[in-house]
Amino acid sequence: MLRREVSSMLADCELVGIVPTADPARAKAFYCGVLGLEFVQDDGFAQELRVHHATLRLVKMPEVKPSGGTLLGWAVTEIAASVKELVQAGVVFERYGFFEQDELGVWTAPNGAKVAWFKDPDGNTLSLSQGPS
């Protein structure tokens, strides 16, 4: 069987994240008001937000069934400070019983990376992560 070379043409393209929402007003209030993302436009099908050098589209759906894993995450430089800031804004961080998390809900991976999880208003799991130190 011949293996076809995969083009790297997408490596230089802007990534667009897609998150489903059944309640666009509540999602916009959370992503813009709580998380601080910049609202760009509502095209009738989705609300478009700016996230650093990427786009996030909150796609309007009649019903949302959250996936079993993390849908979207942010790499932060200081996870403890980021968690504390989001907690002050009303975000509740998830606690999982299958691994140890610190008092803030941050899990430290064997390589030293740190991760904390929270949910958006539709129940989609989001995360903060900090690389190993």
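Okay, let's start with the charged side chains: Asp43, Glu48 and Arg57 are joined up in a network of salt bridges. Keep in mind that what you're looking at is a predicted model. One link in that network is Glu48 with Arg57, where the closest N and O atoms sit 3.8 Å apart. With the cut-off for a salt bridge at 4 Å, that pair counts.

So, is this pair buried or exposed? Both Glu48 and Arg57 are buried. For Glu48 the relative accessible area is 18%, and buried means under 20%, so Glu48 makes the cut. Glu48 has its place in strand β3. Who's around Glu48? Skipping neighbours within four places in sequence, Glu48 is in contact with Glu38, Phe39, Val40 and Gln41, and also with Thr55, Leu56 and Arg57.

Okay, other salt bridges. The total comes to four. Take Glu14 and Arg50: their side chains meet with an N to O distance of 2.8 Å. Glu14 is in the segment before β1, which covers 16–21, while Arg50 is in strand β3, residues 46–51, so the pair links distant parts of the chain, 36 residues apart. As for burial, Glu14 comes out at 42% relative accessibility, so partly exposed, and Arg50 is at 25%, also partly exposed.

Then there's Asp42 with Lys60, closest N and O atoms 2.9 Å apart. Asp42 belongs to strand β2, residues 38–42, and Lys60 to strand β4, residues 54–60, so this bridge ties together parts 18 residues apart in sequence. Asp42 has 39% relative accessibility and counts as partly exposed; Lys60, at 29%, is partly exposed too.

Let me zoom out to the fold. We have two helices and eight strands. Going from the N terminus, the order is β-α-β-β-β-β-α-β-β-β. The C-alpha atoms fill a box of roughly 45 × 40 × 25 Å along the principal axes. If you take contacts between residues at least 6 apart in sequence, 52% of them join residues at least 24 apart.

Now the nonpolar side. In soluble globular proteins, nonpolar side chains tend to be buried together. Here the largest nonpolar core has 24 residues, and the members touching the most others are Tyr31, Leu35, Leu56, Trp74, Phe118 and Leu128. Which elements give two or more residues to this core? They are α1 (24–34), β3, β4, β5 (70–75), α2 (79–88), β7 (114–119) and β8 (125–130). The biggest giver is α1, with four residues.

Click on Trp74 if you have the structure open. Again leaving aside neighbours within four places in sequence, Trp74 is in contact with Tyr31, Leu35, Leu37, Val51 and Phe118, plus Leu126, Ser127, Leu128 and Ser129.

Last, a few whole-chain numbers. Of the 133 residues, 35% count as buried. The accessible surface is about 8,700 Å², with 56% of that belonging to carbon and sulfur atoms. On charge, there are 12 positive and 17 negative, and their mean positions are 3 Å apart.

To wrap up, the thing I'd look at on screen is Glu48: buried, in β3, and part of the network with Asp43 and Arg57. That's my bit, thanks.

Technical notes: Residues numbered from 1 in each chain as written. Predicted model: local features only at pLDDT ≥ 70, side-chain atom pairs only at ≥ 80, totals over all residues. Heavy atoms only, no water. Buried < 20%, exposed > 50% of the residue type's maximum accessible area, 1.4 Å probe, protein only. Core = buried A, V, L, I, M, F, W, Y, C linked by side-chain atoms within 4.5 Å. Contact = heavy atoms within 4.5 Å. Areas by Shrake-Rupley, 256 points an atom, 1.4 Å probe, with all protein chains shown as cover. Lys, Arg positive; Asp, Glu negative; His and termini not counted. Charge placed at Lys NZ, Arg CZ, Asp CG, Glu CD.
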